[in-house]
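Here are a few short exercises to work through with the structure open beside you. Try each task before you read its solution.

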Amino acid sequence: MTVSNINCGLLPMMEAIPSVVKRIPVWAHIVNWMFFSNVTIIFNKWLIDTAGFTIILTCWHLVYATVATQILARTTTLLDSRRNFPVTGRLYLRTILPIGLLYSGSLICSNVVYLYLSVSFIQILKAVSPVAVLFASWSWGVAEPNLAKFINVLVIVFGVAISSFGEIQFSWTGFFFQIGGTSFEAVRVVMIQVMLSGEGLNMDPLVSLYYYAPVCALMNFFVAVFSELPNFQWVDAANAGFGMLFLNASIALFLNVASVFLIGKTSGLVMTLTGIFKSILLVIASVLIWSTQITLLQAVGYTIALAGLTYYSLGYDQLAGLGKMALSWINEIAPSTGGGSVPMPKRLIVVGLSSLVAVIVVLELTMSERGRRIMSAPSWQGGPGSH
């Protein structure tokens with residue numbers, strides 16, 4: 001496929017990318033996405049703590065994404081699916097613009113919250129996101145109210161509430177910023193479903209970035225003019241390092257590319273499980289890097305919220321299927337050697353194993369001697385020898 005004569009030397013190399021990607025195993029795409037996702041969050045937290053500006057940082061990401069997606073659209077085939085969207089002026093004003101404004105609000109709140117709350121507690125609060133999406137769907141008439149789902153989301157809210165009570169450095173300002181970001185994102189998701197998906201226009205993350213980044217960049221700049229720009233000095237950016245700012249924006253872009261490849265290689269089930277596991281890893285990383293204290297009450301609440309989130313996202317049938325697969329795998333590697341064994345109910349096995357793994361992880365970090373030694377080590381607290 002030829003895009004332009006100017007890119008003749010580059011195109012053969014770019015056209016070879018899909019064949020290379022096909023040979024990459026699925027697990028590599030999963031690890032790649034998890035790596036860039038968590039690194040982006042940790043990197044952003046470090047930059048915000050170092051430079052002290054959040055909205056300007058988000059604006060820089062969006063400007064970088066705007067330029068990068070325009071270049072990718074003209075030199076690669078990664079954004080060729082954008083040609084499936086007949087974007088007219090009317091469609092842009094009615095769909096792209098309002099969705100982009102909501103996306104901008106979500107990004108602003110989601111970054112400002114790092115000034116007030118720890119990374120681990122933010123991840124715990126994010127467990128309530130499906131609840132916000134469900135209520136937004138009911139409000140817009142996209143989904144019918146369902147008692148079973150309502151009870152399920154109450155379990156998630158209950159777990160998050162317990163975690164909030166157990167948070168040592170709780171901030172109401174940070175809490176409301178996180179709830180605001182979650183609400184903006186929930187309405188955005190529903191609007192995409194109503195305005196775009198309803199018309200058969202489904203965008204992958206990179207194409208979405210291609211259309212939304214310019215709108216979000218302008219919106220963020222407008223907000224920054226009245227909030228951070230009056231106090232901004234270039235020495236702040238110099239303290240963070242211009243090279244680090246460029247690297248940070250590049251990693252954020254790579255995350256969107258990794259998302260495109262992951263969506264094309266996995267199912268919704270794998271995406272859901274991967275997202276939950278990624279959040280757990282990020283909580284652990286936050287504890288190790290910033291010595292964040294997680295109380296037992298917080299750990300119990302997060303376990304309840306994750307259990308409710310897993311059941312809400314997958315449902316009993318898929319969880320039972322996973323349980324059967326796990327039992328089959330166990331039987332293959334450790335076949336029974338005679339004797340009559342009493343079969344346990346599949347539901348009990350699935351719930352029991354999931355709860356056991358979650359409890360072991362959180363208790364290891366909060367109550368064991370090894371966990372306390374790791375969190376109190378000088379290397380994690382900026383002791384002697386660290387600069």
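Buried means under 20% relative accessible area, exposed means over 50%, and partly exposed lies in between. Keep in mind that this is a predicted model.

**Exercise 1. Classify the two partners of the salt bridge between Lys 45 and Asp 49 as buried, partly exposed or exposed.**

Solution. Start with the contact: the side chains of Lys 45 and Asp 49 meet at 3.5 Å, N to O. A salt bridge needs a Lys or Arg side-chain nitrogen within 4 Å of a carboxyl oxygen of Asp or Glu, so this pair qualifies. Next, take Lys 45: its relative accessible area is 9%, so it is buried. Then take Asp 49: at 45% relative accessibility, it counts as partly exposed.

Now place the pair in its helix. Lys 45 and Asp 49 are four residues apart in helix H3 (residues 26-51), which means about one helical turn separates them. An α-helix has 3.6 residues a turn, so residues three or four places apart point the same way.

**Exercise 2. Find how many salt bridges there are by this rule, and describe the ones not yet covered.**

Solution. The count comes to three. One of them joins Asp 80 and Arg 83, whose side chains meet at 3.0 Å, N to O. Asp 80 has 16% relative accessibility and therefore counts as buried.

Another joins Arg 188 and Glu 185, with the closest N and O atoms 2.7 Å apart. Both residues lie in helix H9 (residues 172-196), three residues apart, or about one turn of the helix. Arg 188 is buried because its relative accessible area is 12%, whereas Glu 185, at 25%, is partly exposed.

**Exercise 3. Work out which helix gives the largest share of the nonpolar surface patch.**

Solution. List the members first: Trp 60, Val 63, Val 67, Ile 71 and Phe 246. Together they have about 450 Å² of accessible area. Helix H4 (residues 55-75) supplies the largest share, four residues, and Trp 60 lies in this helix. To join a patch, a residue needs over 30% relative accessible area; Trp 60 has 31%, so it passes that cut-off and counts as partly exposed.

**Exercise 4. Decide whether helix H6 is mostly covered or mostly open.**

Solution. Helix H6 spans residues 119-126, and seven of its eight residues are buried. The buried ones are Val 119, Ser 120, Phe 121, Ile 122, Gln 123, Ile 124 and Leu 125. Helix H6 is thus mostly covered.

Methods:
Residues numbered from 1 in each chain as written. Predicted model: local features only at pLDDT ≥ 70, side-chain atom pairs only at ≥ 80, totals over all residues. Heavy atoms only, no water. Patch = residues over 30% accessible without salt bridge, like charges linked within 9 Å, V, L, I, M, F, W, Y side chains within 5 Å. Areas by Shrake-Rupley, 256 points an atom, 1.4 Å probe, with all protein chains shown as cover. Helix = DSSP H or I, 4+ residues; strand = E, 2+ residues; numbered from the N terminus. Buried < 20%, exposed > 50% of the residue type's maximum accessible area, 1.4 Å probe, protein only.
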